[in-house]
Amino acid sequence: GPDDGDLGENGAGKNTAAYQFIYNKVNDTEKWIFNTMTTSTSLDEIAKYIHVDSYIDYWLTFEVAMNQEPNNPGSVYMYYDPSDGLLHAGPIWDFDYGTFRYDFNDSGLYYNKSTHFIIANSLWYCKLLQNTAFQNRVIERWAIIKPLLENMAETIPTLISYLTISADYNWTMWNYQLEEIGLDEANKSFSTVANTVYSNTKSRINDLNTLITNKSYK
């Protein structure tokens with residue numbers, strides 16, 4: 001498929017066959033998801049349009065990190081793989097100051113993170129996560145991914161210790177950037193903030209386990 005460089009000056013490349021192909025692929029998939037797919041559509045049918053596991057893993061990545069970017073999709077990506085003829089979700093992008101923070105709700109725009117998914121109503125997920133087969137596949141993927149996430153979380157204290165000296169230098173040099181965007185982390189130590197990431201990550205994994213098990217897609 002085409003990338004940005006193929007579009008040429010002022011988007012002239014939009015007339016190319018490559019661009020039209022990928023445009024139609026995305027458009028046709030979106031129309032099918034919103035106009036044809038139902039809550040009872042089979043996973044095999046969905047898998048004719050998208051690489052199901054990549055869309056589940058992409059969604060779970062943002063949910064675990066508590067990253068709300070897909071609600072404001074300026075950095076949401078997918079790609080077409082000619083080897084299977086499907087759209088794949090990713091790569092993930094734009095994990096900044098709202099990441100791993102329970103307290104960040106963007107002036108009250110978002111749900112309490114301890115009792116809700118964050119992006120279940122964004123992009124194509126507002127339809128996909130209402131489909132029974134897709135929900136069941138989420139449960140299957142979560143059973144595989146959850147222990148990996150738990151192991152990942154337990155590496156954080158070791159990394160905190162390893163990075164402390166470098167972080168102190170970094171914090172001293174770049175602290176003003178945090179102050180400029182108004183984060184209360186600007187007045188906290190690296191250790192305090194990093195340990196908050198650790199505890200928030202563990203809490204979020206537990207919360208997601210409950211939400212996924214209960215199919216609380218609202």
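At roughly what angle do the axes of helix 5 and helix 7 cross? Keep that in mind as you go round. The model is predicted.

**Stop 1: the whole chain**

Show everything as a cartoon. The chain holds 7 helices and 2 strands. Follow it along the sequence and you meet the pattern α-α-α-β-β-α-α-α-α. Of its 218 residues, 37% count as buried. Now think about contacts between residues with a separation of 6 or more: 72% of them join residues 24 or more positions apart.

**Stop 2: helix 5 and helix 7**

Select 132-153 for helix 5 and 190-213 for helix 7. Here is the answer to the opening question: the two axes cross at roughly 165 degrees, and they come within 11 Å. An angle over 145 degrees counts as roughly antiparallel, so helix 5 is roughly antiparallel to helix 7. The crossing of helix 5 past helix 7 is left-handed.

Turn on the side chains. On helix 5, look at Val-138, Ile-139, Trp-142, Lys-146, Leu-149, Glu-150, Met-152 and Ala-153. They meet Tyr-198, Thr-201, Lys-202, Ile-205, Leu-208, Asn-209 and Ile-212 on helix 7. Colour this contact by class and you get 10 nonpolar, 2 polar and 3 charged residues.

**Stop 3: helix 3 and helix 7**

Keep helix 7 and add helix 3, residues 52-65. These axes come within 9 Å and cross at roughly 130 degrees. Helix 3 and helix 7 are therefore oblique to each other. Helix 3 passes helix 7 in a right-handed crossing.

Which residues make the contact? From helix 3, pick Leu-60, Glu-63 and Val-64; from helix 7, pick Arg-204, Leu-208 and Ile-212. By class, that is 4 nonpolar, no polar and 2 charged residues.

**Stop 4: the largest nonpolar core**

In soluble globular proteins, nonpolar side chains tend to be buried together. Here the largest nonpolar core has 36 residues. Select Trp-59, Phe-117, Leu-128, Leu-129, Val-138, Trp-142 and Ile-212, which touch the most other members.

Next, colour the elements that each give two or more residues to this core: helix 1 (17-35), helix 3 (52-65), strand 2 (86-89), helix 4 (125-128), helix 5 (132-153) and helix 7 (190-213). Which of them gives the most? Helix 3 does, with 8 residues.

**Stop 5: the second core**

Finish with Ile-156, Ile-160, Phe-190 and Tyr-198. They are among the 6 residues of a second, separate core. Tyr-198 should look familiar: Tyr-198 is also one of the helix 7 residues that meet helix 5.

Conventions. Residues numbered from 1 in each chain as written. Predicted model: local features only at pLDDT ≥ 70, side-chain atom pairs only at ≥ 80, totals over all residues. Heavy atoms only, no water. Core = buried A, V, L, I, M, F, W, Y, C linked by side-chain atoms within 4.5 Å. Buried < 20%, exposed > 50% of the residue type's maximum accessible area, 1.4 Å probe, protein only. Helix = DSSP H or I, 4+ residues; strand = E, 2+ residues; numbered from the N terminus. Axes fitted to C-alpha atoms, helices over the stretch in contact; angles between N-to-C directions. Parallel < 35°, antiparallel > 145°, perpendicular 65-115°, else oblique. Left-handed = near helix turned anticlockwise from the far one by under 90°. Contact = heavy atoms within 4.5 Å. Nonpolar A, V, L, I, M, F, W, Y, C, P; charged D, E, K, R; others polar.
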